[in-house]
Amino acid sequence: MDIDSPLDNRPVSAFSSVIPLPYRVIVLAGCGLLCWATNIHALQLLGIDLGRVLNVQGSSHLALPLTPNHSPRSTPEHNTLHHAPIYSLFLAFVAFAGANWLIFRALTHGDLLLIDRMRFIPASCLVIIILAVISPLNILHKRERRLFLHSLKRCILAPLDQPVFFSDVILADVLTSYAKVFGDLWVSSAVLLRGGSLVRMPAPAGFSEWMIPYMMSIPYAIRFRQCIVDYYATGRVSSKQLWNAAKYATAFPVIFLSAAQRIASVEPVLQPGEEVDELVWFPEHPLFRLWLLCVVINSLFSFWWDITNDWGLTTLHRSSWIAVIEHPAPSHNSHSRTPSRNGSSQPERSHNIVHEPRSSTSTFPTSHPWGLRTPLVLFQDPVVYYLAILLNLLLRFIWSLKLSSHLHNVAELESGIFLMEALELFRRWIWVFFRVEWEYIKQESGPQKASPLHLPVEELELDMRESS
């Protein structure tokens with residue numbers, strides 16, 4: 001049946017009639033741009049130059065980060081990231097995309113037939129944005145665009161014998177937060193290029209049924225590859241990267257079991273001697289239980305890795321829980337020393353920091369809040385870290401639940417899915433602050449001093465002795 005036919009009785013989402021799927025992809029791309037600008041700006045206000053931590057080169061040539069042996073303090077001052085150009089790009093993005101959407105709304109007036117006939121307007125918006133990003137012309141902050149494109153190229157095409165750099169890790173991790181958007185982009189392309197409907201969710205069939213999960217898997221495949229490459233590039237001396245690769249691999253069953261679940265659910269259940277017209281509800285299918293188990297594994301594994309390895313906190317470390325049983329809560333009023341942002345040590349009352357290795361007879365450092373680490377650089381209030389941990393846990397489960405390709409054809413859930421996509425960007429925005437803080441501490445202090453509990457190396461699980 002022609003999807004533009006008035007006889008098409010597939011559900012129409014009111015949300016889609018106001019903000020069609022291509023515009024939702026554009027909105028989420030703009031949100032990511034704003035999040036990155038505020039990450040750079042806020043970290044600068046807090047005393048950390050993100051460009052130096054990422055080892056970004058200020059040259060207009062191919063921007064390769066420095067080798068892991070180079071300290072960020074040795075980079076020239078112009079090798080930095082500035083928030084002003086990113087804000088400028090965001091404002092230009094909003095002005096263009098917003099004007100395009102207003103024209104679209106003015107010409108369609110909410111009429112379903114007109115919305116489908118004017119699909120070329122959002123299509124032109126997507127094409128122009130892509131062309132602007134890859135344009136070789138010296139416009140729209142070419143340096144920032146080139147840095148992004150070169151980092152993206154390294155994420156996808158870097159040689160297998162080249163170490164993975166921190167800047168590429170950050171970009172690849174951000175892309176995993178756009179996994180659902182990758183699926184949305186495929187659906188949008190199918191709608192715009194094949195004459196589909198912007199207000200009726202397409203019903204994938206055949207090849208399209210599996211392209212959505214494949215598209216959603218791309219960011220995780222990139223990050224998985226980085227972990228394997230890093231494992232071999234560092235001489236296979238640590239299994240940390242293999243465990244990290246396993247974490248990203250747990251997303252694949254969530255994505256593909258969801259696709260299989262959607263396909264299986266459209267088959268009617270025929271009982272012996274009777275006919276059943278109703279479709280299988282997802283919880284009634286065995287695949288649902290397996291999918292739900294994979295969701296729990298992926299969420300808990302990812303949450304544990306975020307807190308313990310990406311942020312360097314000790315909340316989920318067994319030593320912290322043993323200390324709760326064996327020792328009373330420590331005082332948080334002691335003063336100590338912390339590495340300053342320029343690399344020198346200076347007294348600082350706002351951070352609970354101890355640089356001296358812990359005594360072997362002690363099981364809990366007495367100068368930092370429970371479950372955190374020494375030092376705390378970004379925020380002096382431990383409550384900020386505890387709130388970030390709680391939000392990460394909640395939003396991790398929401399994100400894993402929405403890695404479901406069968407949700408692409410449920411019209412009633414469109415607004416909720418869009419909200420979950422936005423919440424994942426918010427979670428990633430928070431994650432970047434603490435991930436960069438931990439990397440900054442390692443670069444400034446060295447791996448031994450940056451250990452969360454200052455334990456001997458052999459006592460640490462998946463110790464952060466190497467750059468992620």
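This talk goes through the helices, backbone, salt bridges and ring contacts of one structure.

The model is predicted, so please keep that in mind throughout.

I will start with the membrane annotation. The unreviewed UniProt entry lists residues 21–42, 86–108, 120–140, 287–305 and 383–399 under "transmembrane region". I looked at two of those spans in the model. Residues 21–42 come out as 100% helix and 0% strand, and the C-alpha atoms at the two ends of that span are 31 Å apart. Residues 86–108 are also 100% helix with 0% strand, and there the end C-alpha atoms lie 33 Å apart.

Next, two histidines in loops. H109 sits in the loop between α4, residues 83–108, and α5, residues 112–117. Its phi is near 55°, which is positive, and the residue is not a glycine. For context, most residues other than glycine have a negative phi. Is H109 buried or exposed? H109 counts as exposed, because its relative accessibility is 65%.

The other one is H141, in the loop between α6 and α7, the latter being residues 142–157. H141 also has a positive phi, about 55°, without being a glycine. Its relative accessible area is 31%, so H141 is classed as partly exposed.

Staying with α6, there is a nonpolar patch on the surface made by V127, I130, L131 and I134. Together these residues have about 380 Å² of accessible area. V127 is in helix α6, which covers residues 120–134. V127 is at 48% relative accessibility and therefore counts as partly exposed, since the exposed class starts over 50%.

Now the salt bridges. How many salt bridges are there? The count comes to 12. As a reminder, side chains of opposite charge can pair when their charged atoms come close. I will show three of them.

The pair to begin with is D310 and R435, with 3.8 Å from N to O. D310 belongs to helix α13, residues 286–310, and R435 to helix α16, residues 414–445, so this bridge ties together parts that are 125 residues apart in sequence. Both D310 and R435 are buried.

Next is E437 with R373, at 2.9 Å from N to O. E437 is in helix α16, while R373 is in the loop between β2, residues 345–348, and α15, residues 382–401, so the contact ties together parts 64 residues apart in sequence. E437 and R373 are both buried.

Then E424 and R427, which form a salt bridge at 2.9 Å, N to O. This pair lies within helix α16, with the partners three residues apart, about one turn of the helix. What is the relative accessibility of E424? The value for E424 is 2%, so E424 counts as buried. R427 is at 2% relative accessibility and counts as buried too. The pair is part of a network: salt bridges with shared partners join D306, R396, E424 and R427.

On to the aromatic residues. The structure holds 15 aromatic pairs. One of them is Y231 with Y232, an edge-to-face pair with ring centres 5.3 Å apart and 75° between the planes. What is the burial class of each partner? Y231 has a relative accessible area of 15% and is therefore buried, whereas Y232, at 51%, counts as exposed. The cut-off for exposed is over 50%.

A further pair is F379 with Y385. Their ring centres are 6.1 Å apart and their planes meet at 75°, so this pair is edge-to-face. Here F379 is partly exposed, because its relative accessible area is 24%. Y385 is buried, with a relative accessible area of 0%. Which residues belong to the cluster that ring pairs build around these two? The linked residues are W311, F379, Y385 and F434.

One last ring contact, this time with a charge. The charged end of R428 sits over the ring of W431, 4.5 Å from the ring centre.

To go back over the main items: UniProt lists residues 21–42 and 86–108 among its transmembrane spans, and the model has 100% helix over residues 21–42 and over residues 86–108. Helix α16 holds R435, whose partner D310 is in α13, and α16 also holds E437, E424 and R427. That is the end of the talk.

How values were computed:
Residues are numbered from 1 along each chain as its sequence is written. This is a predicted model: local features need pLDDT of at least 70, side-chain atom pairs count only at pLDDT 80 or more; totals for chains, interfaces and linings use all residues. Side-chain values use heavy atoms; hydrogens and water are left out. Rings of Phe, Tyr and Trp (its six-membered ring) pair if their centres lie within 6.5 Å; planes under 30 degrees apart count as stacked, over 60 as edge-to-face and the rest as tilted. Buried means under 20% relative accessible area, exposed over 50%, partly exposed in between (1.4 Å probe, protein chains only). A charge sits over a ring if NZ of Lys or CZ of Arg is within 6 Å of the ring centre and within 35 degrees of the ring normal. Patches are made of residues with over 30% relative accessible area and no salt bridge: like charges are joined within 9 Å, nonpolar side chains (Val, Leu, Ile, Met, Phe, Trp, Tyr) within 5 Å. Accessible areas come from the Shrake-Rupley method with a 1.4 Å probe; for residues, only the protein chains shown count as cover. A salt bridge is a side-chain nitrogen of Lys or Arg within 4 Å of a carboxyl oxygen of Asp or Glu. Helices (H or I, at least four residues) and strands (E, at least two) are DSSP runs, numbered from the N terminus. UniProt positions are given in the numbering used here, feature names are shortened, and annotations may be inferred rather than shown by experiment.
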